[in-house]
Amino acid sequence: MTPSPVWRPFTQHATEAEPPVARRTHGAVIETDRGPLIDAISSWWVITHGHSHPPIMAAIREASERLDQVIFAGLTHEPAESLARELVALAPRGLTRVFYSDSGSTSVEVALKMALGFWRNTGRARHRIAVIEGGYHGDTIGTMSVGERGVFNVAYEPLMFAVDRLPFPAEGGTEMLSAFEALAAGGDMAAIILEPLILGSGGMRMYGPQVLEGIRRICDRHGVLMIADEVMTGWGRTGEMWACDHAGIAPDILCTSKGLTGGAIPLAATLATEEIFQAHWSEDRSRTFFHSSSYTANPLACAAGLANARIWAAGGMQARLKAVAAMQSERLAALARDDRFADARQTGTIAAIDLKVEAAGYLAAVGQRLRAHALERGVLLRPLGNTVYVMPPYCITGDQMDRVWGAISGFPA
Ligand SMILES: *Cc1c(COP(=O)(O)O)cnc(C)c1O
């Protein structure tokens, strides 16, 4: 056979073997041509309830009997309208407007544009953006600009815009908060964008909810917009519906994507306050929010999102999240006693630990070897350099969890 023409994401084709072929998905399992795999990373963090979750797949099937894509400017449809109402009801208080797009990156681009549009339309053209070191917000030029710079994006640096970088909020975040206060006091800061409680791609680095409260207070004092990128943390990942809920705060703009459809189909939404929406409301057409993508509010995706939102609105997810968190902490605690590992940490359903190595960082070869070791044992892992993490679908069983953690502890490091 001729080699596959597919150019894969984040894949070095020169060194990586041809991947297994996925044939069927259910629960925490991906059936492949080489046997079943336990999906310990929720297929890059998107699968929440489980693969091919029946109510979500049924909603897609039913919607597809009635609708395909319809233009979302000048037309609307029931799945998008109902989902928007559910999202406003589920979101932190004060987020009353829902703008649809189709990926986490796009939802962040939309958030940044809303923030700058807000300032321009209210006559104070603020444009500086504050970010947290080690953050990740996507792989488009704009989202790379607000994310960590490194080996992933050094080639594209000339295209990126400048931002103000704040240190990671270690140990209560005092240093980070005072740096932010000093910047915000300058009066020209448009917004701060952050991943609440846990920096995902940046190595599963975690910080406490009191930092979010501190950031909210500083934003209020200096009129800076707070953008919470909940693309990874939303839909229960941190143990609450939203990571911001741990701090009891509401951002001015919230981005959601990965778990929005339970992971079945791409969809994203950027939620904004009434004030930001109203800044774009005008007889003057130049104040329109000039953004769209062809597939805005795809009806099949919105139907999936609606089925998912109704599961959360019905309640009862809390017990499941607690059960997953408890299964994780028990196994993480056991591994923490193994002196080949360091810095065991957990937020809700996400557990992470570092393999002690000479050369840490994303390109650390040890991660690749652990991934291969797990794959041979029917477990799908994808360490971030020397950081191993487990972020399973919420339906995972104790036995499956044992196999996942067994693959990690059995690694001949
Ligand atoms: C994955 C991720 C994104 C980007 O989402 P895509 O759907 O991959 O574009 C943005 N922000 C955070 C926090 C993420 O984890």
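Which residues does L300 touch, not counting residues up to four places away in sequence? I will come back to that after the ligand, but the short reply is I60, A63, S64, L67 and I265, where touching, or contact, means heavy atoms within 4.5 Å.

Before going on, I should say that this is a predicted model, in which local features need pLDDT of at least 70 and side-chain atom pairs count only at pLDDT 80 or more, while totals for chains, interfaces and linings use all residues. Residues are numbered from 1 along each chain as its sequence is written, and side-chain values use heavy atoms, with hydrogens and water left out.

Let me turn to the ligand. The residues around the ligand, meaning those with a heavy atom within 4 Å of it, are W45, S103, G104, S105, Y136, H137, G138, E195, D229, V231, M232 and K258. Within this shell there are four nonpolar, five polar and three charged residues, with Ala, Val, Leu, Ile, Met, Phe, Trp, Tyr, Cys and Pro counted as nonpolar, Asp, Glu, Lys and Arg as charged, and the others, Gly among them, as polar.

For polar contacts, the cut-off is a pair of N or O atoms within 3.5 Å. The side chain of S105, a residue of helix α4 (residues 104-121), has an N or O atom 2.6 Å from an oxygen atom of the ligand, and an N or O atom in the side chain of D229 is 2.6 Å from a ligand nitrogen. K258 also takes part, with a polar side-chain atom 2.7 Å from an oxygen atom of the ligand. Taken alone, the ligand exposes 380 Å², and the protein buries 82% of that, the areas coming from the Shrake-Rupley method with a 1.4 Å probe.

K258 itself lies in the loop between β11 (253-256) and β12 (268-273), where strands are DSSP runs of E with at least two residues and helices are runs of H or I with at least four. The unreviewed UniProt entry annotates K258 as "modified residue: N6-(pyridoxal phosphate)lysine", although such annotations may be inferred rather than shown by experiment. Under "binding site", that record covers G104, S105, D229, S293 and S294. These positions span 191 residues in sequence, and the farthest two C-alpha atoms are 22.8 Å apart, so they do not all gather at one spot.

Returning to L300, its place is in helix α9 (residues 299-313), and its C-alpha atom is separated by 9.8 Å from that of E65, 235 residues apart along the chain.

Terms used: Polar contact = N/O pair within 3.5 Å; in protein donor to acceptor, adjacent residues only side chain to side chain.
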